[in-house]
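Student: I am new to this structure. Can you take me through it by question and answer?

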Amino acid sequence: MSKIFAPAKTLRAFALAAAVGWAAGNIFSPAQAAAVHVEPARAEAPAFASDRLSVEVLGQGPDVILIPGFASSRDVWRPLAERLSATHRVHLVQLSGFAGEAWSHGDGAFVQPAVDELARYARTLNRPAIIGHSMGALTGLLVAQQHPEVVGKLMSVDSLPFFSALYGPTATAESARPFAEQAVAGILNADVAGFRVQQERTAGTMMRNEAGRAAMVEWSMTSDRHAMASAIRDVMTTDARPGLAAMTVPVWALYAADANGGVSSTIADAMWSHEYAALPSARLVRVDDSRHFIMTDQPERLGALVDEFLAD
């Protein structure tokens, strides 16, 4: 199976940029927002308080939870959320520690506590559909595995059940740990100027849309570094593949391919097919001409797929 994986140099770049979301921040394009903005009806959120996340609620109808990824603002989903709010009650999650949201947990665990709190929130709703991007999709996948009774269906947007599989077919959570610690050190030890340069360089690998790159960098810069470090460590050492075979929640997995500077369709097809092989019922959908942030590079295509997913 090793032939399906990219050469080491390409793989490392893909792992630390496109999939892990090393510099991912908000990719909400101001120009795009202006073009689609219609003030949606606000709905009172269910009584819920958490130091792991906050939720903004828009519209009325069947429940949909939108989860952003690593270092991202909930505004990453804003255009889609406002459109969906005409027919759905949309729950825009903001994970603590990211994009200016307060973080009070030092270097403690990030992913599992977020899973626990998302499950607690989902329990107040009527089996919501969950749509997550990158790390947010991994979090949603874990909610669906651990608490299937609270989830109606799951859409994973450019995410894998084990991100560090991108280091090769024999990678394990334990073998990925040294790479995770390198990522942690890079986040915690960079000075402000160097960190910004790092984010700016990475932004181009994350999306084709130039208007979104500057905003992405700013959301990364306003994220808490300890939250980012804890999150990247957890993401790179969390392997959700063993739980795939027993899943009962319907799963759609969207993934990006870009022949012009991104991940090739051949590599992307092989990777997603391989990593979701234990869940043959998963619907895998490739989105071409897009990098990691499909919602910015192909918003209309994503919107159409979300409509189909919710109607399915």
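The questions below deal with the sheet, then the helices, then a salt bridge.

Student: In what order do the seven strands of the open sheet lie?
Tutor: This is a predicted model. Its open sheet has seven strands with mixed pairing. Read across the sheet, the order is 1-3-2-4-5-6-7.

Student: Which are the edge strands?
Tutor: Look for strands that pair on one side only. One covers residues 53-58, the other 283-288. They are strand 1 and strand 7.

Student: What does the twist average from one strand to the next?
Tutor: Step across the sheet, one strand at a time. The average twist per step is 20°.

Student: How many bridges join strand 5 to strand 6?
Tutor: Strand 5 spans residues 153-157 and strand 6 spans 251-257. The two run parallel. S156 stands opposite A253 of strand 6. The number of bridges joining these strands is four.

Student: Which strands does helix 4 touch as it packs on the sheet?
Tutor: The direction of helix 4 makes about 35° with that of strand 1. Strand 1 is one of those it touches. The full set is strand 1, strand 2 (63-67) and strand 3 (89-95).

Student: Which helix lies across strand 6 and strand 7?
Tutor: Its residues are 265-275. It runs at about 155° to strand 6. The name is helix 10.

Student: Are helix 4 and helix 5 parallel or oblique to each other?
Tutor: Helix 4 is residues 111-122, and helix 5 is residues 135-146. Their axes come within 9 Å and cross at roughly 60°. Roughly parallel needs an angle under 35 degrees. This pair is therefore oblique.

Student: Which residues of helix 5 meet helix 4?
Tutor: Helix 4 passes helix 5 in a right-handed crossing. From helix 4 come V111, Q112, A114, V115, D116, L118 and A119. By class, the contact has seven nonpolar, three polar and one charged residues. On the helix 5 side they are T139, L142, V143 and Q146.

Student: At what angle do the axes of helix 7 and helix 8 cross?
Tutor: Helix 7 is residues 192-206, and helix 8 is residues 210-221. The axes come within 9 Å. The angle makes helix 7 oblique to helix 8. Its value is roughly 140°.

Student: How many charged residues are in the contact of helix 7 with helix 8?
Tutor: The crossing is right-handed. Helix 7 brings residues including R196 and E200, and helix 8 brings residues including R213 and E218. By class, there are seven nonpolar and four polar residues, and the charged ones number four.

Student: Is helix 6 roughly parallel or antiparallel to helix 9?
Tutor: Helix 6 is residues 173-189, and helix 9 is residues 225-236. Their axes come within 9 Å and cross at roughly 165°. An angle over 145 degrees counts. So the pair is roughly antiparallel.

Student: How many nonpolar residues are in the contact of helix 6 with helix 9?
Tutor: Helix 6 passes helix 9 in a right-handed crossing. F179 and I187 are among the helix 6 residues, and M228 and I232 are among those of helix 9. One polar and three charged residues take part, and the nonpolar count is eleven.

Student: Which residue forms a salt bridge with R123?
Tutor: The model's salt bridges come to 17. In this one, the closest N and O atoms are 3.1 Å apart. R123 is in the loop between helix 4 and strand 4, and its partner is 26 residues away, in the loop between helix 5 and strand 5. That partner is E149.

Terms used
Residues numbered from 1 in each chain as written. Predicted model: local features only at pLDDT ≥ 70, side-chain atom pairs only at ≥ 80, totals over all residues. Heavy atoms only, no water. Axes fitted to C-alpha atoms, helices over the stretch in contact; angles between N-to-C directions. Parallel < 35°, antiparallel > 145°, perpendicular 65-115°, else oblique. Left-handed = near helix turned anticlockwise from the far one by under 90°. Contact = heavy atoms within 4.5 Å. Nonpolar A, V, L, I, M, F, W, Y, C, P; charged D, E, K, R; others polar. Pairing = 2+ DSSP bridges. Salt bridge = Lys/Arg side-chain N within 4 Å of Asp/Glu carboxyl O.
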